[in-house]
Amino acid sequence: MKLKELESYLQQVEVFESPKILFEQYATRPHIAACMLHTIHNRYDDIEDKLVGDLGCGCGVLSIGSLMLDASLCIGFDIDHDALDICRNNREEFEISNLDLIQCNICKMDISKWKKSFDTIIMNPPFGTKHNEGMDMVFVKTALDMASTAVYSLHKTSTRKHIQKKSKEWGVDMEVVAELRYDLPASYKFHKQKSVDIQVDFIRFSFPETL
């Protein structure tokens, strides 16, 4: 599937009407989601026929996009039942049968059940700002425990050095696949501008090959 075609489909995914600041709910923009998924699929072959997990799946744009690129099954995890309701609606609209959804708190989930259960984890986690400080890295660590091949994630470029340090501590390889500009719409009342561009790294985490 061509990039523009994928983006066109993802533009039809229903998103949050009333995002919740507590969960840092920012829908992944269709253009960014399409670019992420297209790169994962074409450069790394980490989607087709793979079991894909989506942590903090929200309305499901990354899950749905993965299935359009022929993932065998996608499982989305989110704490918010309202977001999962929207995701279920999207699943019905797109007539998808291989997307499972689980309501849970990523920061408190029992990882033993899911350890190395997925080929690939693809996610747009909370940036870990304000009252959610450090949550971005909790998502990454959880994803690394769940994935057997690679984790793909979006993070503020300003946190790159910290993420590099944590990756080294955890013994995983980290590659900045692309530097993106994330057009963040004024979703919340405290946002004074209509939108703001945030510099974001699209990162691939993987496991060193052992001889």
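Buried means under 20% relative accessible area, exposed means over 50%, and partly exposed lies in between. The exercises below apply these cut-offs to a predicted model.

**Exercise 1. Classify Asp 85 and Arg 88 by accessibility, and describe how their side chains are related.**

Step 1. Asp 85 has a relative accessibility of 36%, so it counts as partly exposed.
Step 2. Arg 88 has a relative accessibility of 30%, and therefore also counts as partly exposed.
Step 3. Both residues belong to helix 4, where they stand three residues apart, about one turn of the helix.
Step 4. Side chains of opposite charge can pair when their charged atoms come close. Here the side chains of Asp 85 and Arg 88 form a salt bridge, with 2.9 Å from N to O.

**Exercise 2. Determine whether Lys 141 and Asp 145 are buried, partly exposed or exposed, and describe the link between them.**

Step 1. The relative accessible area of Lys 141 is 32%, so this residue is partly exposed.
Step 2. For Asp 145 the relative accessibility is 18%, which means that the residue counts as buried.
Step 3. Helix 5 (residues 135-146) holds both residues, four residues apart, about one turn of the helix.
Step 4. Their side chains meet in a salt bridge of 3.3 Å, N to O.

**Exercise 3. Carry out the corresponding analysis for Lys 166 and Glu 169, then state which residues are joined into one network by salt bridges that share partners.**

Step 1. Lys 166 has a relative accessible area of 21% and is therefore partly exposed.
Step 2. Glu 169, at 51% relative accessibility, counts as exposed.
Step 3. The two residues lie in helix 6 (residues 160-170), three residues apart, about one turn of the helix.
Step 4. Salt bridges that share partners join Lys 115, Lys 141 and Asp 145 into one network.
Step 5. The side chains of Lys 166 and Glu 169 meet in a salt bridge of 3.3 Å, N to O. The structure holds seven salt bridges.

**Exercise 4. Describe the surroundings of Val 177.**

Step 1. Val 177 lies in strand 6 (residues 173-185).
Step 2. Its relative accessible area is 13%, so Val 177 is buried.
Step 3. Neighbours within four places in sequence are set aside; the contacts of Val 177 are then Thr 39, Arg 43, Tyr 44, Phe 202, Ile 203 and Arg 204.
Step 4. Although Thr 39 and Val 177 are 138 residues apart in sequence, their C-alpha atoms are 8.7 Å apart in space.

Definitions and conventions: Residues are numbered from 1 along each chain as its sequence is written. This is a predicted model: local features need pLDDT of at least 70, side-chain atom pairs count only at pLDDT 80 or more; totals for chains, interfaces and linings use all residues. Side-chain values use heavy atoms; hydrogens and water are left out. Buried means under 20% relative accessible area, exposed over 50%, partly exposed in between (1.4 Å probe, protein chains only). Contact means heavy atoms within 4.5 Å. A salt bridge is a side-chain nitrogen of Lys or Arg within 4 Å of a carboxyl oxygen of Asp or Glu.
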